[in-house]
Amino acid sequence: MLNIALFGPPGAGKGTQSEFLIKKYKLFYISTGDLLRDELAAGTKLGKQARDIIAEGGLVSDEIIVQIIEKNIKSNSDANGFLFDGFPRTYIQAYILEGLMIKLNSNLDCLISIEVPEKESIKRLLNRGKTSGRSDDNETVIRKRLKEYKEKTLPVLNFYKERNMYYAVNGMQSIPEVTESVEKIINERLSKKLLNIVMFGHPGSGRGSLGKALAKKYDLEFVATGAMLDEEIKNDSELGRKIKQLYESGQLVPDEIVIPLIEKKLQNSKDVRGFIFKGFPRTLVQSYILDGLLKKYDSYIAKIFDIKVDTLELIRRLDKRSKTDEAMPYDSSTEKIVKRLQEHEDKTVPVIEKYKETHDITEIDGTPTFDTVLRTISKEIENSFKNMK
Ligand code: AMP
């Protein structure tokens, strides 16, 4: 998702720039002003409550705004992203937006402020008033709207400055020049946005080799807890010996060991496009930890795959692997294989169920050949993230 807020005084050119942005980035447009005017025209209860305030150039209450915004976000939660125009307009609304984004399991990418002096705002709005048919585009109301802007809306900028999400654009440039500046900011943010993928699937489903291939293809960092633990075993460290014991008894390695390894990996991966997680999160606790770890990077899980392969085929594959050089210490006997499959069923399936509440999990048939499955997943990734091609 790409979520942007356009900020600026009335008449700054937010509406004009929005037309370009929604087309270019395929965003769903949310202009609280337009939505309120729709409510007004439809004569709804909300519209009636807002009518006098809008006519006087005041700000409609945050309670009304949260209702109309939530309604629109909820019914378009599958959008590529949202473009907010005229929202957030108060400090409270900035918090409301944070909450709405959490609900969508997303975040606001940036706030772009189109800056024009007050004199210019008045000039433009008076001009617009000649054709807009908006009763609030007259001098008395314009002055009140600008007063509200200075007193209640400008402080919102601090909220975003503190979070390094504020970008200013000189609104006195020509329309194409403003567009170009805005586009530059968005593209820069996009290039820094992490694409995080989680690969679910039973042991033997191919999630590891697929994850590795996808990481290579899309220049993502592959985070496989299994491989990190193996590294410790190979180094024959104290930790490694402890892990080996746990493996041999078919148990999961405790979070106290796994989490610091993941954290180190995230910390040490600079300038990456994103991460592909395999074998993590494996438990409900780990899923909360991963959300928290990613939040530290102002990021979140963007895509989840669940590779489906039936149990008999899984056992066949794992059994075959145990007889090759690729055998893992944990697939040395049928008993261990079965125990691992059972662990997945008991602990990881509930994690997938939890994510189903907040994410669209993409189920992939893992039975065809490796190349076919890889192609299917690649298509999914490229459809979801147009800039990955
Ligand atoms: P706009 O079309 O954005 O200039 O908005 C027109 C009028 O709608 C404003 O002067 C306010 O009365 C009201 N309005 C629009 N968005 C908001 C908001 N986020 N919070 C409060 N009032 C708003």
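Biologist: By class, what makes up the shell around the ligand?
Modeller: The shell has 5 nonpolar, 5 polar and 5 charged residues. Ala, Val, Leu, Ile, Met, Phe, Trp, Tyr, Cys and Pro count as nonpolar, Asp, Glu, Lys and Arg as charged, and the others, Gly among them, as polar. Bear in mind that this is a predicted model: local features need pLDDT of at least 70, side-chain atom pairs count only at pLDDT 80 or more, and totals for chains, interfaces and linings use all residues. Residues are numbered from 1 along each chain as its sequence is written, and side-chain values use heavy atoms, leaving out hydrogens and water.

Biologist: What makes a residue count as near the ligand, and which are the closest?
Modeller: One of its heavy atoms must lie within 4 Å of the ligand. The shell holds 15 residues, with Thr-32, Arg-37, Gly-58, Gly-86 and Gln-93 the closest. Helix 2 (residues 32–42) gives the largest share, 4 residues.

Biologist: What makes the approach of Gly-86 to the ligand a polar contact?
Modeller: A polar contact is a pair of N or O atoms within 3.5 Å; within protein, one must be able to donate a hydrogen and the other to accept it, and residues adjacent in sequence count only if both atoms are side-chain atoms. A backbone N or O atom of Gly-86 lies 2.9 Å from a ligand nitrogen, so the pair passes the cut-off. Arg-145 passes too, because an N or O atom in its side chain is 3.4 Å from a ligand oxygen. Overall, the protein buries 96% of the 480 Å² that the ligand exposes when taken alone, using Shrake-Rupley areas with a 1.4 Å probe; for residues, only the protein chains shown count as cover.

Biologist: How do you know that strand 4 and strand 5 pair?
Modeller: Pairing takes at least two bridges found by DSSP. Strand 4 (residues 110–115) and strand 5 have 5 bridges in the parallel sense, so they qualify. Ile-114, for instance, has Val-169 in strand 5 as its bridge partner. Strands here are DSSP runs of E, at least two residues, and helices are runs of H or I, at least four, numbered from the N terminus.

Biologist: Why are strand 7 and strand 10 called edge strands?
Modeller: Their open sheet of 5 strands has the order 7-8-6-9-10, with parallel pairing. Strand 7 (221–224) and strand 10 (361–365) each have a single partner strand, so one side of each lacks a neighbour in the sheet.
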